[in-house]
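Q: Please take a close look at how one sheet in this structure is covered by helices, and then follow how helices, domains and chains meet. A plain account in connected steps would suit a first-year student.

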2 protein chains.
Amino acid sequence: MTKFVNIAIVGLGQVGIYLYNELKSKSKAIENKTGKKIRIIAISAKNKNKKRRFQIDKKIFYSNPLNIFKKNKIDILFECVGLSNGISKKIVETALINKINVITPNKALIAKNGDYLANLAEKNKVNLEFEASVAGGIPILRTIKEGLATNKIYKVYGILNGTTNYILTEMEKTGETFDKVLKKAQLFGYAEPGNPKLDLNGFDAFAKIRILSALSFNTKISKKKCIMEGIENIKLEDIKIAAQLGLRVKLLGISEIINGQLFETVHPCLVSKNTYIGNVNGVMNAVITEGKPVGESVFQGEGAGPGPTSSSLLSDLLSILRGNTKYPFGISSNKRISIKPFNNDKYTNSLYLRFDVKDKQGVLSLITNRLAKYKISVKRIIQTPDKKNKKATIVIITHKTTEINAKNCLSIFKKNKNILKFPTLIRLYN
Amino acid sequence: MTKFVNIAIVGLGQVGIYLYNELKSKSKAIENKTGKKIRIIAISAKNKNKKRRFQIDKKIFYSNPLNIFKKNKIDILFECVGLSNGISKKIVETALINKINVITPNKALIAKNGDYLANLAEKNKVNLEFEASVAGGIPILRTIKEGLATNKIYKVYGILNGTTNYILTEMEKTGETFDKVLKKAQLFGYAEPGNPKLDLNGFDAFAKIRILSALSFNTKISKKKCIMEGIENIKLEDIKIAAQLGLRVKLLGISEIINGQLFETVHPCLVSKNTYIGNVNGVMNAVITEGKPVGESVFQGEGAGPGPTSSSLLSDLLSILRGNTKYPFGISSNKRISIKPFNNDKYTNSLYLRFDVKDKQGVLSLITNRLAKYKISVKRIIQTPDKKNKKATIVIITHKTTEINAKNCLSIFKKNKNILKFPTLIRLYN
């Protein structure tokens, strides 16, 4: 790479425009650290005249990002569009084939096409960096690839979605309902104003877990259908009951090697208020790795927003400017293996079960008999009557049982007239 | 660097010998990640025949480490002796001058001679890496140098000494005295069996703070005398009273840019039990950075022991094997600046003051008058009589005041006959 480095940014949404401004204002500092002078020579977005937070140079603007490649010699391209396929994939593909280094915060793209794109980058001897795709402000991917490189990591998990963590924290703190807090999150820019579904249903966290697994275990990105649950069904009531029990609801992403098999999941968990993970609040993200010989390592930082994301994008930039080509996933693609997936049915947890029932004799024994039939033993029962409405809430904390057992046991309650709703199930985190 | 890389290890104590074994057992994994074949061709320690945890190859053993340079072509040398000067400095110096890359976990050496040695490494175009010198299992130096490289960090602090954190945690948990818990720490290998002084008096944490400052703020390593206090004077009584107040004692290292001036300190702090830092327990270390635009980032991991230390030593090795020369402190030595030190006298905190007094009328008013004279306002007073011994304990939590003010105010109590001991002072963390 020569002293002058040509940069293109495709996508000028919240992240792209913040990055544009950061590159402008930090070019001198970057030169001090790397000896390279960066120049933004092309930017692209759908709408040239949209109102943006920072002024852009319209002379270098392209409405069609693919035209950038025709007219310029680009060294490094930032993909900030954010789709898992379509134009995002096309841009990255074209760049790599043209021997242009690519930096992207796009977790959906990497979780879906990461293996293919990494292979393409290696073939063309350029870098594909995606530090910002997981846990914005925490340089966790670099830490796994480099800082913890020689450890045998066997588990990686954490709070990977700032939006849902903000919502759960705020519900507990203010006693406001899910819907009300979601509106607030949208107002503050923590949740997508249009469609926050991908945050709420666990999809976003799952893409991150897939990337973390691949890096931690040196495996191909898994494609298997896994247990993925979001927070849409968490009620204020559950959060309040959990609080009384010294517990807190957190949406955890978990990836683990169990008996040589890969298990990945995202679902709400009840964690103790006295644990580390129970105290990661608001929009914060946290990633915990367990490995040998290093033991447990915890990384916490702001998980969302253009500032933290931009911090990671720039760390990728500096890594490339220092001039060495690195494998996108830490080791060569042909050394990354596929491992057998763990059978979800055998996943084992203590459970929190909440039943809304008619306040009639025999209902509790119906439930406990059913549990006993499936050898699910009860650790704790809390029954709260609602005399006025002739209803009651029964909360049961069970000892450990498997997914399949729990599913079979609970199935009957769908059609029982004394059970007013299908029971709410939240897993307890060991 | 050719495909074969020659390695020397000097110092075969707990860390050196564990590293020796790790290198032996992980050479294949290292080759997979870097394409380099490592060979340990020289080891050195005082005593060839000492009983060690792993068997060594005596054919490559040197009693005098300086002879290694005469007989071999070394590519990378690990310095694991651990002195701040003397033979440690001599070995590293000689290696760098001979264009040999150096990796060391030696914080005392780097805190004392880091600027000089970094300069020497840069001149000779080799690497000097010291990831393991701060917070063993947490790759915090690489994170600051690379992952957070383009952020403006203005504060870095944390729990940097596992031994003292273990002692404080254990005292609170078991209600045992400092002396008793210290013996246990020595038994478990958490504290030096001979002389644990450098851990207990804050010196070890201070060396780490100096290294963290230099990396975070791009400054030369500071030499200024600062407020450095260890945990030797923390009594079980203080820990118990703190617990009642919802507080916990932690030995914090803090480095901060205040009005463009550098402030570094190590001292025990009272922190809330509900905070993150208040829940870093046992031998765990934690480092927290605050910067722009990234915000607050937290890194926690095992702070001591050969496993975590070895993890960091190997991450340094991989970084060097990947083939690029890096500035030891992230930027070129001639770009690292010296900044004015902050005046310690102006350091401001709320204080916890514990007075052991004779149970006589007028003693409390003597104390409160004295505080009032120095405009130190009282937030809370807890007086506990010990009728049998005609004594009392008075604990006062004050509002914020400066160091110099507190010092002047308390000085009088040295010679007062009703105050049985000079009061214990513990600063509250914000």
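A: An angle between two elements here is taken between their N-to-C directions and runs from 0 to 180 degrees. The model is predicted.

Start with the sheet in chain B. Six strands form an open sheet in the order β3-β2-β1-β4-β5-β6, and their pairing is parallel. At the edges are β3 (61-62) and β6 (128-129) of chain B, each of which pairs on one side only. Within the sheet, β4 (residues 76-79) and β5 (residues 101-103) of chain B are joined by three bridges in the parallel sense. One residue pair shows this: B:Ile76 has B:Asn101 in β5(B) as its bridge partner.

Two helices can be placed against these strands. Helix α3 (residues 86-97) of chain B lies across β1, β4, β5 and β6 of chain B, at about 170° to β4(B). Helix α1 (residues 14-34) of chain B lies across β1 (4-10), β2 (37-44) and β4 of chain B, and its angle to β2(B) is about 165°. Angles over 145 degrees count as roughly antiparallel, so α3(B) is roughly antiparallel to β4(B) and α1(B) is roughly antiparallel to β2(B).

Next, helices against helices. Two packed helices are described by the angle between their axes and the distance between the axes. In chain A, helix α3 (residues 86-97) and helix α4 (residues 107-123) have axes that come within 10 Å and cross at roughly 15°. The cut-off for roughly parallel is under 35 degrees, and α3(A) and α4(A) are therefore roughly parallel to each other. Their crossing is right-handed. On the α3(A) side the contact involves A:Ser88, A:Lys89, A:Val92, A:Glu93, A:Leu96 and A:Ile97, which meet A:Leu109, A:Asn113, A:Leu117, A:Leu120 and A:Ala121 in α4(A). By class, these residues are seven nonpolar, two polar and two charged.

A second helix pair in chain A has another angle. The axes of α6 (residues 162-174) and α7 (residues 178-187) of chain A come within 9 Å and cross at roughly 130°, and the two helices are therefore oblique to each other. The crossing of α6(A) and α7(A) is right-handed. Helix α6(A) contributes A:Thr163, A:Tyr166, A:Ile167, A:Glu170 and A:Met171, while α7(A) contributes A:Phe178, A:Val181, A:Leu182, A:Lys184 and A:Ala185. The contact of α6(A) with α7(A) has seven nonpolar, one polar and two charged residues.

Now the domains. Chain A is assigned domain 1 (4-129), domain 2 (140-302) and domain 3 (346-428). The C-alpha centres of domain 1 and domain 2 of chain A are 28 Å apart. Their contact takes six residues from domain 1 and seven from domain 2 of chain A. The domain 1 side of this contact divides into three nonpolar, one polar and two charged residues.

Last, the chains. Chain A and chain B each give 42 residues to their contact. On the chain A side, α1 (14-34), α5 (140-147), β12 (295-302) and α11 (306-321) each supply at least two residues. That side of chain A consists of 15 nonpolar, 19 polar and eight charged residues. Strands also pair between the chains: β12(A) and β12 (residues 295-302) of chain B are antiparallel over five bridges. Here A:Val298 stands opposite B:Gln300 in β12(B).

Definitions and conventions. Residues are numbered from 1 along each chain as its sequence is written. Chains are lettered from A and ligands numbered from 1 in the order in which they are written. This is a predicted model: local features need pLDDT of at least 70, side-chain atom pairs count only at pLDDT 80 or more; totals for chains, interfaces and linings use all residues. Helices (H or I, at least four residues) and strands (E, at least two) are DSSP runs, numbered from the N terminus. Ala, Val, Leu, Ile, Met, Phe, Trp, Tyr, Cys and Pro count as nonpolar, Asp, Glu, Lys and Arg as charged, and the others, Gly among them, as polar. Two strands pair if DSSP finds at least two bridges between them. Angles under 35 degrees count as roughly parallel, over 145 as roughly antiparallel, 65 to 115 as roughly perpendicular and the rest as oblique. A crossing is left-handed if the near helix is turned anticlockwise from the far one by less than a right angle, and right-handed if clockwise. Domain bounds come from an automatic or database domain assignment.
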